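Morning, everyone. Please bring up the structure on your screens, and I'll take you through it.

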Amino acid sequence: MKRIQRTSKTRDFHQAKWNEPIIFELHQPGEKGVELPPVNDGIASAVGDGTSAIPAAMRRKSKPNLPEIGQARVLRHYLRLSQETLGSDFNVEIGQGTCTMKYIPRINELLIRDPKMMELHPLQNEETVQGMLEIFYKLDLCMREISGMDYFSFQPSSGTQALFAMASIVRKYHEQKGEGDQRDEIITTIFSHPSQAATAAVKGYKIITLHPDENGFPDIEKLKAAVSERTAGFVVANPEDTGIFNPKIKEFTDIVHQAGGLCFYDQANANGLLGITRAKEAGFDMCFFNLHKTFAAPHMCGGPATGALGVTAALKEYLPAPIVEYHEGKYSLQHDLEHSIGKVRSFHGVAQTVLRAYAWIRALGAGGLKEVAKTAVLNNNYMYHKVLAIRGAGAPYVKGHRLEQVRYSWEQLTKETGVTTEDIQLRMTDFGLHYWTSHHPYIVKQPFTLEPTESYSKEDLDEYINALEQISNEAYENPEIVKSAPHNSTIHKIDEQDYLDNPEKWCITWRTYVKKTEAYNLVK
Amino acid sequence: MSQKVHPYIPNMVPEVQTEMLKVIGAESIMELFSGIPEELQLKGDLKLPPALTEYELRRHIEGILNKNTSTKEYLNFLGAGCWQHFIPAVCDEINQRSEFLTAYAGEPYEDHGRFQALYEYQSLLAELVDMDVVNVPTFDWGQAAATSIRMAARITGRKKVLLAKTVAPERIKIIINYGSPELEFEFVQFDTKSGAMDLEDLKEKLTEDVAALYFENPSYLGFIEAQGTEISNLLKETETLMVVGVDPISLGVLAPPSHYGADIVCGDLQPLGMHMNYSGGQAGFIASHNEVKVVSEYPSRLFGIVPTVKEGEYGFGDVAYERTSFAQRENGKESVGTQTALWGITAGVYLALLGPNGMQEVGQTIMQNSQYAAQELNKIAAVTGSRLHSSFFKEFIVDFNQTGYSVEQINHRLIEKKIFGGKDLSLEFPEFGQSALFCVTEVHTKEDIDHLVQAIKDILAK
């Protein structure tokens, strides 16, 4: 037998390509995908066709223009589309910094499909959902311990919605104190997530954005200059998206409190902090965790997720209702919260994600959670050293250790080769790896943010680093390879600007595409 | 130090850690946390229950879940915003796939399938509502309604919003919190005999500073609002936008709101293939006509189809990305982040499986089953099967005022008979006294309904 040599440092990958039609093109009149439960004969004879009862003006005149497709073809179509999707189960997903991509334990996916969870109606009598309420309550207790906060709501179904709920609480709180009109500003930092500024703006606040000092730390002098009797609150991620922890955070929260504002903490970047440091000791009034990030629930192409929202006892009455309470052996839903902001999502939130997070914490325990933080930080600093050794790569601001992620820069590489971070993004797909170019605005030039989390082995990290290194080499030696990427993808490059930003050409649905291509003949 | 390596954390292997620390040039992992001041670092361990192995974890969680009684075990007539429907197995197969389950924010080149599946969802739902634009799903119906209303306010430049008094109280809470302090809300009254909107009250409140009227059809109370065209004509006089919330599973038989003048349509996708999940199955949609001034006000992602440089390939991408808060922070249109994309893909699978005939059939079966249930309940002495005399879809009000029992008492006794009765409306709509909102769908058989009727008869006979 000949020894098969496998020495390449990067993967010889090719993304699945099925050249799959749009589902409407699969239409075959007469086919059907599923047989529905029939109406019982006795019912039909008792009430007739049922639809005659619809007032004429409200009756649908013709059937919706949906395709007719047999079941196997529908299944095959969607399975092919799933194959053309690179989920985090398939790649070393460390290129989506700030989003904490980690291993999704399969036991949790099995547990959430228990009919005793999946087939519960949210309005069932409390006696019949004691198990579900127990999970909510027990996760609340865990979250209290992890953060130091006093009560949690799991109603917000994403970090953005949790930030919105927190901004709503800030507003309600100041209104209660008669300062609603006076306090109309919220302060944040440029390296906090965009949702912090956006959700506060939705709640009617003027946004003041602090830029960092020369070392990348939020600038305390700028904060001092920004606070006033108009300050409603301060919202910040810490560590920020640079992976830099603000060591003066307690001074920050003290300054805001002295000015009469509330401090709320975006803990989307909490993975390196579990069991290490908490929101309470840093002086925050509220915080949230993304259960789909730090607590290993899957991201599901973008939800549904959960932004677990924690508050101090002083703000409990402002939470979106209901919250779960426990008295004398019985779990119950508390709807009467005196100053409640109302609701941010219907019923109780995404229960599956609550269950997944609880299961993940129970699988790890206190020691395991701390190992998560320690290993995530170890992995990150290992990568940090390795990536800085790659030609053209850098990381602005303070030298030394970072926490769970680093915002890097290819500024030097771009200057020297013309290859941009967007070019690299596309080339990374050729190695079966996801790479994201970081949040706008690009304060860090040619940015990329890597967050290796605890889920990856040293070999996994080396694979990712090797791919970056190879692309850097290509950029210096033969940049065209990078600039013309992707080469191994499902599709070739698209013309984004022309087709997606031009109202004459954009087609958000198939019917629009059909209308426009016939009318304008844009696509032959 | 000898320590167990946790299955989720490969780099807990001590030798590997030593090697990595050497690369970093650090003595210990804790040294890497030196950026966190000593006084902020926790002393000692968190007080959490001990770690469980996978087998122990499964027993532990299943033990807790066993305390629940599901709608598989008891007959269920609860709806009111979360509904029990038939879910084709293919829907579950697709949304369990690792690729879709664990994907997130990839580019069109690595996540072509995700973009296509969501584009197809938009396109399939567009046919159902008969409109040209549908967004990548939002959190739930409440959020979709709240955003639709904010969009209408931005389009018209007005701040006043009218809400039908029959809108789901839960959604009203979401809408008002989401709209305040910028928007001002006022309710339009309804006829308590039919549920229909009071057009005289609407006329009175409809001034030229009203951005939008929001109502639901079928309504939260189940009745079909038949005055769509009349309402639309009134709104045109003040150039007020018509925003209508709709249960999409009704649209195989009911006219979509676009047919009677709606500018923006929203609703919940949960009926289209999502398990109830104790309310974890909710997902919102927004739809509109393809007008630049409307499309420009969507805060959420909109995927569009585009050619690639190679003939014969479909590509996809974000339409007008600069609208979003991803690109603009506080200057974006509202805010966007993780929403409910997987449920959008699942709803697409559902619509593809049912097709035009299936959507019509399911709508018709729901109408027949629910009419039968109302008719049979109405035969019970002292019970009024459908309190409102309008036609209804899926849900209807059952009036127990003459029985001498409260809804709470009746529901309690129904549970003893393994039935979840209708939602008690006595707090939300006191004008109906002791009435409940019952939900009957295609999953209910004649036997189920007869069983419910007999159970109520037995309870009232005691």
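I'll go through the chain contact, the salt bridges, the cores and two single residues. One thing up front: this is a predicted model.

Let's start where chain A meets chain B. The contact takes 216 residues from chain A. From chain B it takes 195 residues. Between them the two chains bury about 18400 Å². Of that area, 64% is on carbon and sulfur atoms. Which residues of chain A lose the most area to chain B? They are A:Met58, A:Arg60 and A:Ile508. Together those three make up 5% of what that side buries.

Now the polar side of this contact. There are 98 residue pairs in polar contact between chain A and chain B, counting pairs with both residues at pLDDT 80 or more. Which element gives the most to the side of chain A that touches chain B? Helix 10 of chain A, residues 351–388, with 28 residues. By type, that side of chain A divides into 106 nonpolar, 65 polar and 45 charged residues.

On to salt bridges. Over all chains, the structure holds 55 of them. How many run between chain A and chain B? The count there is nine.

Take A:Lys116 and B:Glu73. They form a salt bridge, and the closest N and O atoms are 2.9 Å apart. This pair crosses between chains. A:Lys116 sits in helix 4 of chain A, residues 115–118. B:Glu73 sits in a loop of chain B, between helix 2 (54–65) and strand 1 (75–76). Buried or exposed? A:Lys116 has 13% relative accessibility, so it counts as buried, the cut-off being under 20%. B:Glu73 has a relative accessible area of 40%, which makes it partly exposed.

Next, A:Arg511 and B:Glu127. Their salt bridge has its closest N and O atoms 3.0 Å apart. Why does this pair join two chains? Because A:Arg511 lies in helix 16 of chain A (residues 510–520), while B:Glu127 lies in helix 5 of chain B (residues 112–129). A:Arg511 is buried, at 14% relative accessibility. B:Glu127 is buried too, at 5%. And the pair belongs to a network of salt bridges that links A:Arg511, A:Lys515, B:Glu127, B:Asp130 and B:Asp132.

One more pair across the chains: the side chains of A:Lys343 and B:Glu170 meet in a salt bridge, at 3.6 Å from N to O.

Now a pair within chain B. The side chains of B:Lys446 and B:Asp450 form a salt bridge, 2.9 Å from N to O. Where do they lie? Both are in helix 14 of chain B, residues 446–461. They are four residues apart, about one turn of the helix. B:Lys446 is partly exposed, with a relative accessible area of 27%. B:Asp450 is also partly exposed, at 27%.

Next topic: the nonpolar cores. How many residues are in the largest one? It has 161. The residues with the most contacts inside it are A:Tyr78, B:Tyr214 and B:Leu272. Helix 12 of chain B, residues 341–378, brings the largest share of this core, 15 residues. Look at B:Leu272. Leaving aside neighbours within four places in sequence, its contacts include B:Leu125, B:Leu128, B:Tyr350, B:Leu351 and B:Met359. Apart from the largest core lies another, of 121 residues. Among its members are A:Ile94, A:Ile249, A:Cys287 and A:Tyr331.

Last, two single residues. A:Thr421 is in helix 12 of chain A, residues 421–428. At 0% relative accessibility, A:Thr421 is buried. What does A:Thr421 touch, not counting residues up to four places away in sequence? The list is A:Trp410, A:Tyr435, A:Thr437, A:Tyr442, A:Gln446, A:Pro447 and A:Phe448.

The other is B:Ser386. Find it in the loop between helix 12 and strand 11 (395–399) of chain B. Again not counting residues up to four places away, B:Ser386 touches B:Ala374, B:Phe392, B:Phe396 and B:Ile397. A polar atom of the B:Ser386 side chain lies 3.0 Å from the backbone oxygen of B:Leu388. Finally, B:Ser386 and B:Glu442 are 56 residues apart along the chain, and their C-alpha atoms are separated by 19 Å.

That's the tour. Thanks for listening.

Technical notes
Residues are numbered from 1 along each chain as its sequence is written. Chains are lettered from A and ligands numbered from 1 in the order in which they are written. This is a predicted model: local features need pLDDT of at least 70, side-chain atom pairs count only at pLDDT 80 or more; totals for chains, interfaces and linings use all residues. Side-chain values use heavy atoms; hydrogens and water are left out. A salt bridge is a side-chain nitrogen of Lys or Arg within 4 Å of a carboxyl oxygen of Asp or Glu. Buried means under 20% relative accessible area, exposed over 50%, partly exposed in between (1.4 Å probe, protein chains only). Contact means heavy atoms within 4.5 Å. A nonpolar core is a set of buried Ala, Val, Leu, Ile, Met, Phe, Trp, Tyr and Cys residues joined through side-chain atoms within 4.5 Å. Buried area is the accessible area (1.4 Å probe) that two parts lose on being put together, summed over both. A polar contact is a pair of N or O atoms within 3.5 Å; within protein, one must be able to donate a hydrogen and the other to accept it, and residues adjacent in sequence count only if both atoms are side-chain atoms. Ala, Val, Leu, Ile, Met, Phe, Trp, Tyr, Cys and Pro count as nonpolar, Asp, Glu, Lys and Arg as charged, and the others, Gly among them, as polar.
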